[in-house]
Amino acid sequence: MSSHATSGQYNYNPMDDDSSPRVPRRTAMACQFCRGRKLKCDGSRPSCGNCNRRGYPCVYTPVGSEQQK
């Protein structure tokens with residue numbers, strides 16, 4: 001084994017600090033199946049990954065603004 005590091009194998013970026021928590025990207029709207037089962041919906045259209053995998057119809061219903069406070 002050689003003592004030098006191979007280029008391109010590990011890229012260190014000082015801006016990628018592990019002290020800051022990574023926040024997962026939030027889906028704008030979950031489909032009815034994922035909402036009912038409390039699953040993580042990927043928001044893909046016309047059919048999300050969960051519905052596509054199970055063969056269910058994927059239905060997106062907008063949430064009313066009166067429910068949000």
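The following exchange concerns a predicted model and looks at N50 and its surroundings.

Colleague: Why is N50 called buried?

Modeller: The relative accessible area of N50 is 12%, and buried means under 20%, so N50 falls within that class. Across the 69 residues of the protein, 14% count as buried.

Colleague: What makes the pair formed by the side chains of N50 and R53 a polar contact?

Modeller: The two side chains come to 3.3 Å, and the cut-off for a pair of N or O atoms is within 3.5 Å, provided that one can donate a hydrogen and the other can accept it; the pair is therefore counted as a polar contact. The side chain of N50 also reaches the backbone oxygen of K40, at 3.1 Å.

Colleague: Which residues does N50 touch, if those up to four places away in sequence are not counted?

Modeller: With that exclusion, N50 touches C34, L39, K40 and C41, where contact means heavy atoms within 4.5 Å. N50 itself is found in helix α2, which covers residues 49-54, and the secondary structure of the protein comes to two helices and zero strands.

Colleague: What makes C31, F33, C34, C41, C48, C51, C58 and Y60 a nonpolar core?

Modeller: A nonpolar core is a set of buried residues of listed types, Phe, Tyr and Cys among them, joined through side-chain atoms within 4.5 Å; these eight residues form the largest such set. C51, one of its members, touches C31, F33, Y56, P57 and C58, again leaving aside residues up to four places away in sequence.

Key
Residues numbered from 1 in each chain as written. Predicted model: local features only at pLDDT ≥ 70, side-chain atom pairs only at ≥ 80, totals over all residues. Heavy atoms only, no water. Helix = DSSP H or I, 4+ residues; strand = E, 2+ residues; numbered from the N terminus. Buried < 20%, exposed > 50% of the residue type's maximum accessible area, 1.4 Å probe, protein only.
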